[in-house]
Amino acid sequence: MNKATLLLIIMLPLLAACGKKGPLVPPEALVPAAVNDLFVAQKGEYFQLSWSEPTREVGGGRLTNLAGFELFRREMLPPAEDCEQCPTAYRLLKKIDQDYLRDVDRRGNLLLVNDNGVETGKTYQYKVISRKKDGTPSPESNRARRQKVNPPLPPEVKATSQATSIVIELNPAQVAPAAVLSGYNIYRWRTGQSIPPFPLNDKPVTGSAFEDQRVERGVTYSYAVRTLVKAAGEDVESAPSNQVSGALTEPD
């Protein structure tokens, strides 16, 4: 066997391999995965929207170039008139830039946006899409729907500082006959910060007082309380109560 023949035998597998390619990835697999946990809650007179940022593409790949979100809202009409698929059904409520979260609260991977333009007695439906930096949109999210009802009144609150805890005393407000009282949510923050979106308590407080023992000496805390009721089949919170402050006293 001469050298030319031997060289040809060696090169044939390499030449055949040059034409092979990996599996084709369809373009729709490279878009951001759809948000699937869009949720709406009523906080006093406004709605709070929340959802998690997608971390994967539709095809399962890691999402690395997320630009932001578009939040849409539509007002529900009577069944004979309602048309979700109509081009004018939804309007853009808010465009969110991932690098500049204006009027957006981020808690880890969770984003929260308030909708202050809702009216009592009306039902609203929301959806959200995300976009890559090249403008590629995700599929639409799940739908989140909510009817705005009259919120309950907040309680009156007083704080008493002690050596080992701060006690929040509640003077409840009367609850409307159409609502059922579930309890109270306690919101706490360090003085100088803003009220957080989530309560301190894991379950609604059902007594007339709440003792906060998870406090640090030398720190002043602010508190506000929201009444929580069940109305029209949904949990509804009141506006925040009066704000009170407290700090641990020196032990005797």
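Good morning. I shall begin with Pro204, which lies in the loop between β11 (180-190) and β12. Strands, here and throughout, are DSSP runs of E of at least two residues, and helices are runs of H or I of at least four, numbered from the N terminus. The structure is a predicted model, in which local features need pLDDT of at least 70 and side-chain atom pairs count only at pLDDT 80 or more, while totals for chains, interfaces and linings use all residues. Residues are numbered from 1 along each chain as its sequence is written, and side-chain values use heavy atoms, with hydrogens and water left out.

Let me stay with Pro204. Is this residue buried, partly exposed or exposed? Pro204 has 34% relative accessibility and therefore counts as partly exposed; buried means under 20% relative accessible area, exposed means over 50%, and partly exposed is in between, with a 1.4 Å probe and protein chains only. Which residues does Pro204 touch, leaving aside its neighbours within four places in sequence? They are Ser182, Gly183, Tyr184, Asn185 and Leu228, where contact means heavy atoms within 4.5 Å. Gly183 and Pro204 are 21 residues apart in sequence, yet their C-alpha atoms are 4.9 Å apart in space.

Now to the chain as a whole. The protein chain holds 1 helix and 15 strands. Of its 252 residues, 38% count as buried. Among contacts with a separation of 6 or more, 66% are between residues 24 or more positions apart.

I turn to the sheets. Strands of a sheet pair through backbone hydrogen bonds, either parallel or antiparallel. For the present purpose, two strands pair if DSSP finds at least two bridges between them.

One open sheet has 3 strands in the order β9-β10-β12, with antiparallel pairing. Its edge strands are β9 (156-161) and β12 (209-212), each pairing on one side only. From one strand to the next, the twist averages 20°; the axes are lines fitted to C-alpha atoms, for helices over the stretch in contact, and angles run from 0 to 180 degrees between N-to-C directions. Between β9 and β10 (residues 166-171), the antiparallel pairing extends over 6 bridges. Within this region, Ser161 stands opposite Ile166 in β10.

Another open sheet has 4 strands, in the order β4-β3-β7-β8, and its pairing is also antiparallel. Here β4 (91-97) and β8 (144-147) are the edge strands, each paired on one side only. The twist in this sheet averages 20° from one strand to the next. Strands β3 and β7 run antiparallel and are joined by 9 bridges. Arg73 stands opposite Tyr126 in β7.

Next, the aromatic residues. How many aromatic pairs are there? The count comes to 2, under the rule that rings of Phe, Tyr and Trp (its six-membered ring) pair if their centres lie within 6.5 Å, with planes under 30 degrees apart counted as stacked, over 60 as edge-to-face and the rest as tilted. The rings of Phe47 and Tyr124 have centres 6.3 Å apart and planes at 85°, so this pair is edge-to-face. The pair links distant parts of the chain, since Phe47 is in strand β2 (residues 46-52) and Tyr124 in strand β7 (residues 123-132), 77 residues apart. Phe47 is buried, at 0% relative accessibility, and Tyr124 is buried as well, at 2%.

Trp51 and Phe69 also form an edge-to-face pair, at 5.6 Å centre to centre and 65° between the planes. Trp51 lies in strand β2 and Phe69 in strand β3 (residues 66-75), 18 residues apart. Trp51 is buried, with a relative accessible area of 0%, and Phe69 counts as buried at 1%.

Two rings also have a charge above them. Lys127 lies over the face of Tyr90, at 4.1 Å from the ring centre. The charged end of Arg226 sits over the ring of Tyr187, 5.4 Å from its centre. The criterion is that NZ of Lys or CZ of Arg is within 6 Å of the ring centre and within 35 degrees of the ring normal.

Arg226 leads to my last residue, Ser238, for Arg226 is one of the residues that Ser238 touches beyond four places in sequence. Where is Ser238 placed? Ser238 is in the loop between β14 (234-237) and β15 (244-246). With 0% relative accessibility, Ser238 counts as buried. Its contacts further include Lys43, Gly44, Pro151 and Val225. The side chain of Ser238 reaches the backbone nitrogen of Thr227 at 2.8 Å. Thank you.

How values were computed:
A polar contact is a pair of N or O atoms within 3.5 Å; within protein, one must be able to donate a hydrogen and the other to accept it, and residues adjacent in sequence count only if both atoms are side-chain atoms.
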